[in-house]
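User: I would like to learn how to read the features of a fold, one at a time, with the general idea followed by the case at hand. Could we begin once the model is on the screen?

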Amino acid sequence: MSGKRIIVVGSAGRMGRMLIETIHQTEGALLVGAIEHDASPFLGKDSGLIAGIGENGIRITDDPLALFAAADAVIDFSTPSSTTHYAALAAQARIVHVVGTTGMASDDIAKLEAAARHAVIIRSGNMSLGVNLLAALVKRVAKTLGEDFDIEILEMHHRLKVDAPSGTALLLGEAAAAGRGIPLDDEHSVRSRDGHTGVRENGTIGFSSLRGGTVVGDHSVIFAGPHERITLSHNAENRIIFARGAVRAALWGQGKKPGLYSMMDVLNLGDI
């Protein structure tokens, strides 16, 4: 077997298993490493069996150093602290690092930017084709409509999700802000409303988060203007869409110059 050699971080989790399955099904991609944290009960187990694709000979490990030295890319849906650690390793090894981790703070992003001086780092709050196309459309609509239309972003995820707003909601908020030519900062972003809030401040972008059940991910961007309303929506029905996008990004990053990229770059959506 041949193909671009890919490592999966968090290989025993839901996304990790799906990534292993997707790599197995993708021509030109080859799984060469599966990583878990040092307390994982899956250490030493065959990653193919854990992912449900049959034995593949790739044992789950908590030691990334040898794997990074012999890989072309790493796909990482983990935690901010783990992601910044793996970004530094990717920079040392000069390999592609695909980051699907959400909930990253400004300090974490700064560490990714530093690593991107030596590695190709592709980061997105959502790896799916549909969501990134939605973000491109949101940017265009926000630019076209201007501040006569209020922007509200509504998202819902499963009850186990730990961060809010979701990374995808923030991705969409950033697209809307870019369309208006403003930063998505505290001045232009409203994350919650409770009690006597007063009238809505003109030019702000609002966020609402719902949690419950097993919802994979629902996102809507509402443009509410005088006497009319436009709603752009995306509904994720299966996490496989994130895995497919991440593997596509890992393959796309081969041969690119070091830098911090997004799925908009991977899908060539920047000019929409």
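Analyst: Let us start with the sheets, bearing in mind that this is a predicted model. Seven strands, in the order 3-2-1-4-5-6-12, form an open sheet whose pairing is parallel. Its edges are strand 3 (60-61) and strand 12 (259-261), each of which pairs on one side only.

User: Within that sheet, in which sense does strand 4 pair with strand 5, and over how many bridges?

Analyst: Strand 4 (residues 73-76) and strand 5 pair in the parallel sense over 4 bridges, and the register can be read from Ala-73, whose bridge partner in strand 5 is Val-96. Strand 5 also pairs in the parallel sense with strand 6 (residues 120-123), over 3 bridges, and there Val-98 has Ile-122 of strand 6 as its bridge partner.

User: Which residues of strand 5 lie on one side and which on the other?

Analyst: The general idea is that in a regular strand the side chains alternate between the two faces of the sheet. In strand 5 (residues 96-99), Val-96 and Val-98 are on one side while His-97 and Val-99 are on the other, and all of them are buried, so that both faces are covered.

User: What is the strand order in the sheet of 5 strands, and what kind of pairing does that sheet have?

Analyst: The order is 8-9-7-10-11, in an open sheet with mixed pairing. Strand 8 (189-190) and strand 11 (228-236) each have a single partner strand, so one side of each is left without a neighbour in the sheet. Strand 11 pairs with strand 10 (residues 217-225) in the antiparallel sense over 9 bridges, and Ser-220 stands opposite Ser-233 in strand 11.

User: Which strands does helix 6 lie across?

Analyst: Helix 6 (residues 129-145) lies across strand 7 (150-157), strand 10 and strand 11, and runs at about 165 degrees to strand 11. A residue to inspect here is His-234, which is found in strand 11. Its relative accessibility is 15%, and it therefore counts as buried, the cut-off for that class being under 20%. Setting aside residues up to four places away in sequence, His-234 touches Ser-128, Gly-130, Val-131, Leu-134, Gly-217, Asp-218, His-219 and Ile-241.

User: How should I read the packing of two helices, and at what angle do helix 6 and helix 7 cross?

Analyst: Read the angle between the axes, then the handedness, then the residues in contact. The axes of helix 6 and helix 7 (residues 167-180) come within 7 Å and cross at roughly 30 degrees; since angles under 35 degrees count as roughly parallel, the two helices are therefore described as roughly parallel to each other. Helix 6 passes helix 7 in a right-handed crossing. The contact brings Val-131, Asn-132, Leu-134, Ala-135, Val-138, Lys-139, Ala-142 and Lys-143 of helix 6 against Thr-168, Leu-171, Leu-172, Ala-175, Ala-176, Ala-178, Gly-179 and Arg-180 of helix 7. Sorted by class, this contact has 10 nonpolar, 3 polar and 3 charged residues.

User: Are helix 1 and helix 8 roughly parallel or oblique to each other?

Analyst: The axes of helix 1 (residues 14-25) and helix 8 (residues 240-252) come within 9 Å and cross at roughly 55 degrees, and these helices are therefore oblique to each other. Helix 1, too, passes its partner, helix 8, in a right-handed crossing. On the helix 1 side the contact is made by Met-15, Met-18, Leu-19, Thr-22 and Ile-23, and on the helix 8 side by Ile-240, Phe-242, Ala-243, Arg-244, Ala-246 and Val-247. By class, the contact has 9 nonpolar, 1 polar and 1 charged residues.

User: Finally, which backbone values deserve a second look?

Analyst: Most residues other than glycine have a negative phi, and most peptide bonds are trans. In this model the peptide bond from Ala-164 to Pro-165 is cis, with omega near -5 degrees, and Pro-165 has its place in the loop between strand 7 and helix 7. His-227, in the loop between strand 10 and strand 11, has a positive phi near 70 degrees and is exposed, with a relative accessible area of 87%. Asn-268, found in the segment after helix 9 (263-266), also has a positive phi, of about 55 degrees, and counts as exposed at 60% relative accessibility.

Note on methods: Residues numbered from 1 in each chain as written. Predicted model: local features only at pLDDT ≥ 70, side-chain atom pairs only at ≥ 80, totals over all residues. Heavy atoms only, no water. Pairing = 2+ DSSP bridges. Contact = heavy atoms within 4.5 Å. Axes fitted to C-alpha atoms, helices over the stretch in contact; angles between N-to-C directions. Parallel < 35°, antiparallel > 145°, perpendicular 65-115°, else oblique. Left-handed = near helix turned anticlockwise from the far one by under 90°. Nonpolar A, V, L, I, M, F, W, Y, C, P; charged D, E, K, R; others polar. Buried < 20%, exposed > 50% of the residue type's maximum accessible area, 1.4 Å probe, protein only.
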